[in-house]
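Colleague: Before I rely on any of the labels attached to this structure, I would like to hear the reasoning behind them. Could you take me through it step by step?

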Amino acid sequence: MTDTETKVHFRVVRFMHEAALKLHMKSVPLATAAVVYHKFFRENALTDYDPYLIGTTALYLGSKIEEEVVKLRDVVNICHRTLHKSKPPLEIGETFWNLRETVASCELFILRALRFKVVVSHPHKFLLHYLKFLEDWFDPLEWERLPIAKTSWSLLRDSYHGIICLNTKPEHMAVAVIYFALLCHGAEVPCNKEADTKWWKVFCDDININIIETIISELMNLYDTEIYVQTS
């Protein structure tokens, strides 16, 4: 993937996040939508399709896959308004019906392109459990003072801006964002240095420090892309 393609995909996923917020979509359907989007462009050229149409359709598809369906009418209206902030809201008319029909047709096209393999295992459930265990290990006052959980969730959300979500086991991603969050706040898991088994090995047998550092490096590359997108 070229730098230009990476930046386009980052912008589109950022658009998807903004639209999802307005649609009151929860984190898992949004994450599924991002995975669908990235999977589609892993197998298809960016120059052959409108990425914002694919992103809009992926939002609708993600809500259906996770059984938290958002009305197609709302997806069309909100995504159009998010993409065209200077234009007036869509009214029921030819433009609306054409867009609605396009998204509906694109939904089936994406499903066929992905051979209907759209069920996703996300890190969210692992991160929830890992953070609960981690909280029990920390002094309550220290845990309350440090926003480790909030930072971990933010890092996980941001990871979906790139293809790291396609190439990383969900358990590994959950461990890596916690490790990164601890680094960000200069915190250490109590007694980790003295322990025979490092805390991340307690959570996940097949992870090691090299895997964690690779994931963190990819996350940092995403933040570099964000800086470029914001200043360009």
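**Reasoning behind the labels**

Modeller: Let us begin with histidine 24, which sits in the loop between α1 (3–22) and α2 (27–43); please keep in mind throughout that this is a predicted model.

Colleague: Why is histidine 24 called exposed?

Modeller: Exposed means over 50% relative accessible area, and histidine 24 counts as exposed because its relative accessibility is 70%.

Colleague: What makes the phi of histidine 24 worth pointing out?

Modeller: Most residues other than glycine have a negative phi. Histidine 24 is not a glycine, yet its phi is positive, at about 60 degrees. Phenylalanine 116 also has a positive phi of about 60 degrees without being a glycine, and its place is in the loop between α5 (94–113) and α6.

Colleague: How do you know whether phenylalanine 116 is buried or exposed?

Modeller: The cut-off for exposed is over 50%, and phenylalanine 116 has 51% relative accessibility, so it counts as exposed.

Colleague: And why is threonine 151 called buried?

Modeller: Buried means under 20% relative accessible area, and threonine 151, at 18%, therefore counts as buried. Threonine 151 belongs to helix α8 (residues 148–159), and, leaving aside its neighbours within four places in sequence, it is in contact with Ala181 and His185.

Colleague: What makes the rings of phenylalanine 96 and tryptophan 97 a pair, and which kind of pair is it?

Modeller: A pair of aromatic rings is described by the distance of the centres and the angle of the planes. A search of the whole structure finds 16 aromatic pairs. For phenylalanine 96 and tryptophan 97, the centres lie 5.1 Å apart, which is within the 6.5 Å limit, and the planes stand at 75 degrees, which is over 60, so the pair is called edge-to-face.

Colleague: How are phenylalanine 96 and tryptophan 97 classed by their accessibility?

Modeller: Phenylalanine 96 has a relative accessible area of 2%, which is under 20%, so it is buried. Tryptophan 97, at 47%, falls between the limits of 20% and 50%, and therefore counts as partly exposed.

Colleague: Which residues do ring pairs link into a cluster?

Modeller: The cluster consists of Phe126, Tyr130, Phe133, Trp137, Tyr179, Trp199, Trp200 and Phe203. Among them, Phe133 and Trp137 also make, together with Val202, a nonpolar surface patch of about 290 Å².

Colleague: What makes phenylalanine 133 eligible for a surface patch, as far as its accessibility goes?

Modeller: A patch residue needs over 30% relative accessible area, and phenylalanine 133 has 46%, so it passes that cut-off while counting as partly exposed. Phenylalanine 133 lies in helix α6 (residues 124–137).

Colleague: Turning to the whole chain, how do you know whether its radius of gyration agrees with that of a compact globule?

Modeller: For 232 residues, a compact globule would have a radius of gyration near 17 Å, and the chain has 19 Å, which agrees. Along the principal axes, the C-alpha atoms fill a box of roughly 65 × 35 × 35 Å.

Colleague: What else describes the chain as a whole?

Modeller: The chain has 12 helices and 0 strands, and 45% of its 232 residues count as buried. It exposes about 12,700 Å², of which carbon and sulfur atoms supply 54%. Of the contacts with a separation of 6 or more, 77% are accounted for by residues 24 or more positions apart.

Key:
Residues are numbered from 1 along each chain as its sequence is written. This is a predicted model: local features need pLDDT of at least 70, side-chain atom pairs count only at pLDDT 80 or more; totals for chains, interfaces and linings use all residues. Side-chain values use heavy atoms; hydrogens and water are left out. Patches are made of residues with over 30% relative accessible area and no salt bridge: like charges are joined within 9 Å, nonpolar side chains (Val, Leu, Ile, Met, Phe, Trp, Tyr) within 5 Å. Accessible areas come from the Shrake-Rupley method with a 1.4 Å probe; for residues, only the protein chains shown count as cover. A salt bridge is a side-chain nitrogen of Lys or Arg within 4 Å of a carboxyl oxygen of Asp or Glu. Helices (H or I, at least four residues) and strands (E, at least two) are DSSP runs, numbered from the N terminus. Buried means under 20% relative accessible area, exposed over 50%, partly exposed in between (1.4 Å probe, protein chains only). The radius of gyration is taken over C-alpha atoms; the globule rule is 2.2 Å times the number of residues to the power 0.38. Contact means heavy atoms within 4.5 Å. Rings of Phe, Tyr and Trp (its six-membered ring) pair if their centres lie within 6.5 Å; planes under 30 degrees apart count as stacked, over 60 as edge-to-face and the rest as tilted.
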